[in-house]
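Trainee: Hey, got a few minutes? I've just opened this one and could use a tour.
Mentor: Sure, pull it up and ask away.

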Amino acid sequence: MSYSQKMGGKRTQTDSGSRSSSSSILQDDQEGFSPTSSNALVLVQNPPIVSSYNERIRPMLDAIDKLRNLMVMEEGIQLPTIVVVGDQSSGKSSVLESLAGISLPRGWGICTRVPLIMRLQHHSDPEPELSLEYNGRVEHTDEDNISEDIVNATNLIAGDCKGISDTPLTLLVKKNGVPDLTMVDLPGITRVPVRGQPLNIADQIKDMIMKYIKPDESIILNVLSASTDFSTCESISMSRRVDKTGERTLAVVTKVDMAPEGLLEKVTADDVHIGLGYVCVRNRIRDEEYEEARAIADRLFETDPFLSKIDKSMVGIQVLADKLVQIQAASIARNLPDIVKKINDKLNSYLSDLNKMPKKLSSVAEAMTAVMQIIGASKESLKKILVRGEFDEFPDDKHMHCTARLVEMLNKCSDQLHECNVSDPKSNFLKEEIAILEEAKAECFKLCE
C-alpha cells in the first residue's frame with residue numbers, strides 16, 4: 001500500500017493567514033542553492049514552517065529515505081540522520097510536536113519506547129496525510145488519532161509493558177507548512193527503572209542512543225531543559241563522547257519561560273561545546289493551538305527582560321526548522337557521493353561472490369560435479385591450515401591454531417544444544433548429535449596434545 005494514499009481526518013485548527021506561501025531570502029556567495037557552502041544561509045521567513053528551497057532538498061531527502069527503507073544501514077552503510085536525544089522529560093516530544101504540528105504520546109515515564117523515524121513532508125494539499133509503517137505494514141491515521149495509534153503500534157513492537165525495542169516505527173507526516181525533515185526520536189535517558197521496566201533499562205537506552213549517534217554521518221539534536229545545568233546532562237555527556245568537537249551537535253533549549261534568568265549566559269558561553277549552536281524555544285502547553293503557542297513564544301522572546309536579550313537568530317521553532325533543514329541538506333550533499341561509492345562496492349562484492357557460485361544445474365551429473373568441486377575446495381582449505389599451517393584466510397586469528405579453534409566452536413555448539421528447553425517435545429533428537437559432538441571434541445583435544 002502506497003504512502004501517498006490520501007486519507008481523511010480532522011486537521012489542527014490554524015490561522016488561515018498562515019497558509020500563505022512562505023517567502024525566503026537566501027544569501028550565498030555562490031549562485032543558486034549550495035548546501036555545502038562554507039557561508040551560512042540567511043533566511044527571513046513567514047509562517048508556516050516551510051522553506052521555499054524545500055523543493056530542491058526534497059529529492060535528496062527522498063533518496064536517503066528510500067535507501068533507509070531498503071535497509072542499507074544493515075549492510076554497514078551509514079546514512080545522514082538527525083537523531084533526537086535528551087534526558088527524560090527534557091521536552092523532546094514537545095519540540096517534535098511543534099515541528100510537525102501534530103500531537104505525540106505524552107505521560108509519565110518513557111513515552112518513546114522504540115526509535116520513531118519521523119518523515120515530515122510539506123505538500124500543498126490543505127488536508128494532511130499521516131501514516132505509520134512498522135513490521136512490514138502501513139497503517140493510515142489522522143490528527144485526532146495519531147497519538148493513540150503510535151501507542152498501539154509501539155505496544156505491538158515492544159510489548160505492553162514498559163520495556164524498549166530497537167525495531168523502528170516510521171511516522172510519515174505530509175502536511176501543508178511542515179519543513180522537509182527526517183528525524184529519529186529515541187527514548188529519553190532515564191536513571192531509575194520504574195515498576196514494569198527491566199532493571200537495566202538505563203543501559204539499554206544508552207546503548208540504543210550510542211548506536212544511532214556514533215556514526216559520523218549522524219547529526220545530534222540534543223534537547224535540554226533551560227532549568228538544568230547543561231554540563232551535568234547525560235545526553236550532553238553521551239554526545240561529547242562521540243562528537244568531541246561538537247561539529248555535528250545542535251542544542252535545543254526548552255522550557256525557557258520556566259528559567260529565563262541566566263539563559264543568555266548559558267547559551268553564549270557554550271561550556272559544553274555545541275558546535276552547531278543553540279536554539280531556545282517555548283513549546284505548546286496543554287491545549288494551546290500550535291499557531292497560538294507560536295504567537296505566545298514570539299511575544300515572550302520580544303518582551304521578557306531576560307529572553308529578549310537573546311539574539312533572534314537563536315530563538316523560536318521557525319529558526320530551529322530552518323537550521324535543521326540547512327544542516328540536513330549540507331550533510332546529505334556531503335555524504336551522498338561516499339554512500340553511492342559504498343553501495344557500488346557492496347554490489348560488486350556480492351556480484352563477485354554470486355559469479356563464483358555454480359551456474360544453473362540442469363542434471364544430476366552437473367549437481368554432483370558442483371558438489372565434488374565444493375568438497376575439493378573445502379579439502380584444500382583444510383590441508384592448507386592443518387598440514388601446511390598457512391593461516392592467511394584468518395588474519396585476525398593467526399595466533400589460534402585450527403584445532404583449538406575447532407574445539408572452541410564445538411564447545412559453543414554443544415553448550416547451545418544443552419541449553420535446549422527440556423520441555424520441548426522435539427528436543428530428544430539432539431541426544432545423538434550431542435554424543436557425536438562429544439566424540440569430536442575428544443578427538444580435537446588429542447590433536448591439540
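Trainee: Let's start inside. How many nonpolar, polar and charged residues are in the lining of the largest cavity?
Mentor: The lining has 7 nonpolar, 3 polar and 2 charged residues. Keep in mind that this is a predicted model.

Trainee: Which residues line the largest cavity?
Mentor: The lining is made of S93, L104, P105, C111, T112, R113, V114, L116, I150, T154, L169 and D185. The space in that largest cavity comes to about 90 Å³.

Trainee: And how many cavities of 30 Å³ or more does the structure hold?
Mentor: There are 3 of them. The second largest has about 70 Å³ of space. Its lining splits by class into 6 nonpolar, 4 polar and 2 charged residues.

Trainee: Which residues line the second largest cavity?
Mentor: Here you go: L61, I64, D65, R68, P80, T81, I82, T182, I219, Q328, S331 and I332. The elements giving two or more residues to that lining are α1 (54–69), β1 (81–86) and α8 (317–356).

Trainee: Which element gives the most to the lining of the second largest cavity?
Mentor: That's α1, with 4 residues.

Trainee: OK, back to S93 from the first cavity. Is S93 in α2 buried or exposed?
Mentor: S93 is buried, and so are its helix mates K92, S94, V95, L96, E97, S98, L99 and A100. With 9 of the 9 residues of α2 (residues 92–100) buried, the helix is largely enclosed by the rest of the structure.

Trainee: What comes just after α2?
Mentor: G101, which takes a positive phi of about 70 degrees.

Trainee: Switching to the sheet. What is the order of the strands in the open sheet?
Mentor: Reading across, the 9 strands go β4-β3-β5-β2-β6-β1-β7-β8-β9, with mixed pairing. At the edges you find β4 (137–141) and β9 (278–280), each with a single partner strand, so one side of each has no neighbour in the sheet. On average, neighbouring strands here are turned by 20 degrees against each other, direction ignored.

Trainee: What actually holds strands of a sheet together as pairs?
Mentor: Strands pair through backbone hydrogen bonds, and the pairing is either parallel or antiparallel.

Trainee: So take β5. Which way does β2 run with β5, parallel or antiparallel?
Mentor: Parallel: 6 bridges join β2 (residues 116–121) to β5. If you want a spot to click on, L116 stands opposite L169 in β5. Both of those are also among the residues lining the largest cavity.

Trainee: What about β3 and β5, parallel or antiparallel?
Mentor: Antiparallel, over 5 bridges, with β3 covering residues 129–134. Try E133 there: T170 in β5 stands opposite.

Trainee: Is β5 mostly covered or mostly open?
Mentor: Strand β5 (residues 169–174) is mostly covered, since 6 of its 6 residues are buried.

Trainee: Which residues point one way from β5 and which the other?
Mentor: L169, L171 and V173 go one way, while T170, L172 and K174 go the other, and all are buried. That fits the general pattern: in a regular strand, side chains alternate between the two faces of the sheet.

Trainee: Farther along the sheet, over how many bridges do β7 and β8 pair?
Mentor: Strand β7 (residues 218–225) and strand β8 (residues 249–254) pair over 6 bridges, in the parallel sense. One position to look at is L224, which stands opposite V253 in β8.

Trainee: Now the loops. Where is N135 found?
Mentor: N135 is in the loop between β3 and β4. Its phi is near 50 degrees, a positive value in a residue other than glycine. N135 counts as exposed, at 51% relative accessibility.

Trainee: And where is H273 found?
Mentor: H273 is in the loop between α6 (263–269) and β9. Phi of H273 is near 60 degrees, again a positive value in a residue other than glycine. At 40% relative accessibility, H273 counts as partly exposed.

Trainee: Last topic, cysteines. How many disulfides does a search of the whole structure find?
Mentor: The search finds 0 disulfides.

Trainee: Is C280 buried or exposed?
Mentor: C280 is buried, at 0% relative accessibility. C233 is buried as well, with a relative accessible area of 6%.

Technical notes: Residues are numbered from 1 along each chain as its sequence is written. This is a predicted model: local features need pLDDT of at least 70, side-chain atom pairs count only at pLDDT 80 or more; totals for chains, interfaces and linings use all residues. Side-chain values use heavy atoms; hydrogens and water are left out. A disulfide is a pair of cysteine sulfur atoms within 2.5 Å. Buried means under 20% relative accessible area, exposed over 50%, partly exposed in between (1.4 Å probe, protein chains only). Two strands pair if DSSP finds at least two bridges between them. On a 1 Å grid over the protein atoms alone, a cavity is a set of points where a 1.4 Å probe fits but cannot get out, and a pocket is an open set with protein on both sides within 12 Å along at least five of seven lines; lining residues have an atom within 4 Å of a point. Grid points are joined across faces, edges and corners, and a volume is the space filled by probe spheres set on the points. Ala, Val, Leu, Ile, Met, Phe, Trp, Tyr, Cys and Pro count as nonpolar, Asp, Glu, Lys and Arg as charged, and the others, Gly among them, as polar. Axes are lines fitted to C-alpha atoms, for helices over the stretch in contact, and angles run from 0 to 180 degrees between N-to-C directions.
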